Amino acid sequence: MRDYDIVALGEPMMEFNQTRAGQPEYLQGYGGDTSNAVIAAARQGARCAYLTRVGADAFGEQLLQLWRTENVDTAGVVVDAQAHTGLYFVQHGPQGHVFSYMRRDSAASRMQPDDLRHGLVERAVFLHVSGISLAISASACDTVFAAIGRARAAGTHVCLDSNLRLRLWPVDRARAILCEAMRLSDVFLPSMDDMQHLTGHTDPVATLDWIRDAGATGVVVLKLGREGAILDDGQDRHMVPGLRVDAVDATGAGDCFAGNLLARRARGDEWRRAVVHANAAAALSTRGFGAVQPLPTAGEVAAFLDAGGNP
């Protein structure tokens with residue numbers, strides 16, 4: 001019996017999300033891919049903790065309060081008096097949402113492997129990390145691999161979300177590091193958009209073949225956005241079609257998918273059922289603005305599925 005279902009590691013951020021396209025009107029919220037995922041999991045009833053650094057500033061305190069409110073353990077959060085908490089803006093237009101980040105030299109980018117000495121990774125069923133966790137700095141990358149090493153030694157399952165951000169690193173470096181982390185992971189959650197940049201493939205089947213050829217041996221769930229997801233368990237591949245909703249903002253939908261998937265697996269769901277649940281939760285999360293506020297509860301996802309995927 002582990003103390004936590006999911007321990008996530010990464011970069012939390014303050015979010016300012018545009019509510020009217022072309023207008024200087026922003027809703028303050030919270031973001032950061034692995035933070036979003038662990039909150040999504042906690043709303044499904046999973047026992048969760050978060051590992052990061054935040055600044056000794058008002059934004060850092062707000063994030064700490066957010067995690068406590070969402071029942072996410074903050075014992076692994078370091079308050080760094082020498083750095084600021086990162087933030088970003090989301091703007092909406094004809095081409096979708098556009099992100100602008102202020103994250104250079106943030107507290108999260110100063111994470112160190114020694115920050116893991118509390119041993120929370122070893123007490124979890126799943127460790128969840130991402131491409132952003134690996135990309136924000138060399139020390140953060142080292143911390144992710146140190147966490148993966150601790151997890152593998154302790155029998156904690158490692159989940160990696162690709163979350164490729166080419167503003168953060170060149171594609172060749174991203175490919176090399178993500179492939180190494182992927183080979184060490186039990187669960188890999190790439191998006192089709194990310195993998196197109198890494199592989200050049202536009203076909204999901206060719207993409208999954210590339211992932212396997214690159215060394216992935218665990219479960220792979222290829223996220224296709226509004227089209228759904230493909231589960232590859234190493235023996236068979238199953239398509240889970242997307243669900244239609246009146247979407248207004250897809251910010252954090254993939255993170256919602258990840259958190260819900262791990263929460264359902266920790267609860268005992270078989271993989272296909274967990275993907276169906278995560279797919280529905282991600283669809284529901286697009287009906288509101290921001291990465292955190294629209295994240296659905298377990299009851300909301302169950303009601304959506306009971307209604308046949310009709311909002």
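How many bridges join strand β10 to strand β11, and in which sense do the two run? Strand β10 (residues 187-189) is joined to strand β11 (residues 219-223) by two bridges, and the strands run parallel. If you want to find one of these spots yourself, look for V187: its bridge partner in β11 is V219. Keep in mind as you look around that this is a predicted model.

**The nine-stranded sheet**

Those two strands belong to an open sheet of nine strands with mixed pairing. Reading across, the order goes β5-β4-β1-β8-β9-β10-β11-β12-β13. At the edges you'll find β5 and β13 (237-241), each with a single partner strand, so one side of each has no neighbour in the sheet. From one strand to its neighbour, the turn is 20° on average, direction ignored.

**The four-stranded sheet**

There's also an open sheet of four strands, again with mixed pairing, in the order β3-β2-β6-β7. Here the edge strands are β3 (26-31) and β7 (96-102), each of which pairs on one side only. The twist in this sheet averages 25° from one strand to the next.

Zoom in on β6 (residues 87-93) and β7: they pair in the antiparallel sense, over seven bridges. G93 stands opposite G96 in β7. Helix α2 (residues 58-69) packs on this sheet and touches β2 (13-18), β3 and β6. The direction of α2 makes about 90° with that of β2.

**A link between loops**

Side chains of opposite charge can pair when their charged atoms come close. The count here comes to 19 salt bridges. One of them joins the side chains of E70 and R43, at 2.7 Å from N to O. What does this pair tie together? E70 sits in the loop between α2 and β5, while R43 sits in the loop between α1 (33-42) and β4, so the pair ties together parts that are 27 residues apart in sequence.

**Empty spaces**

Rolling a probe the size of a water molecule over the atoms shows where empty space is left. Here's how three of the spaces look:

| Space | Volume | Lining residues by class |
|---|---|---|
| Largest pocket | about 1700 Å³ | 21 nonpolar, 16 polar, twelve charged |
| Second largest pocket | about 260 Å³ | five nonpolar, two polar, five charged |
| Largest cavity | about 50 Å³ | five nonpolar, four polar, one charged |

Let's start with the largest pocket. It's lined by 49 residues, and the closest to its centre are H97, D193, A250, A253 and G254. Which element gives the most to this lining? That's β7, with five residues. Other elements giving two or more residues to the lining include α6 (192-199), β12 (228-232), α8 (253-267) and α9 (271-285).

Now for the second largest pocket. Its lining includes a run you can follow along the chain: Y101, M102, R103, R104, D105 and S106. Among the others are E11, A135, I136 and R167.

As for cavities, the count comes to three of 30 Å³ or more. Residues lining the largest cavity include L9, L51, T52, G76, V78 and H118. Two elements, β4 (48-55) and β5 (72-80), give two or more residues to this lining. You've already met both: β5 and β4 stand next to each other in the order of the nine-stranded sheet.

Note on methods:
Residues numbered from 1 in each chain as written. Predicted model: local features only at pLDDT ≥ 70, side-chain atom pairs only at ≥ 80, totals over all residues. Heavy atoms only, no water. Pairing = 2+ DSSP bridges. Axes fitted to C-alpha atoms, helices over the stretch in contact; angles between N-to-C directions. Contact = heavy atoms within 4.5 Å. 1 Å grid on protein atoms, 1.4 Å probe; cavity = no way out; pocket = protein on both sides within 12 Å on 5 of 7 lines; lining within 4 Å. Points joined across faces, edges and corners; volume = space filled by probe spheres on them. Nonpolar A, V, L, I, M, F, W, Y, C, P; charged D, E, K, R; others polar. Salt bridge = Lys/Arg side-chain N within 4 Å of Asp/Glu carboxyl O.
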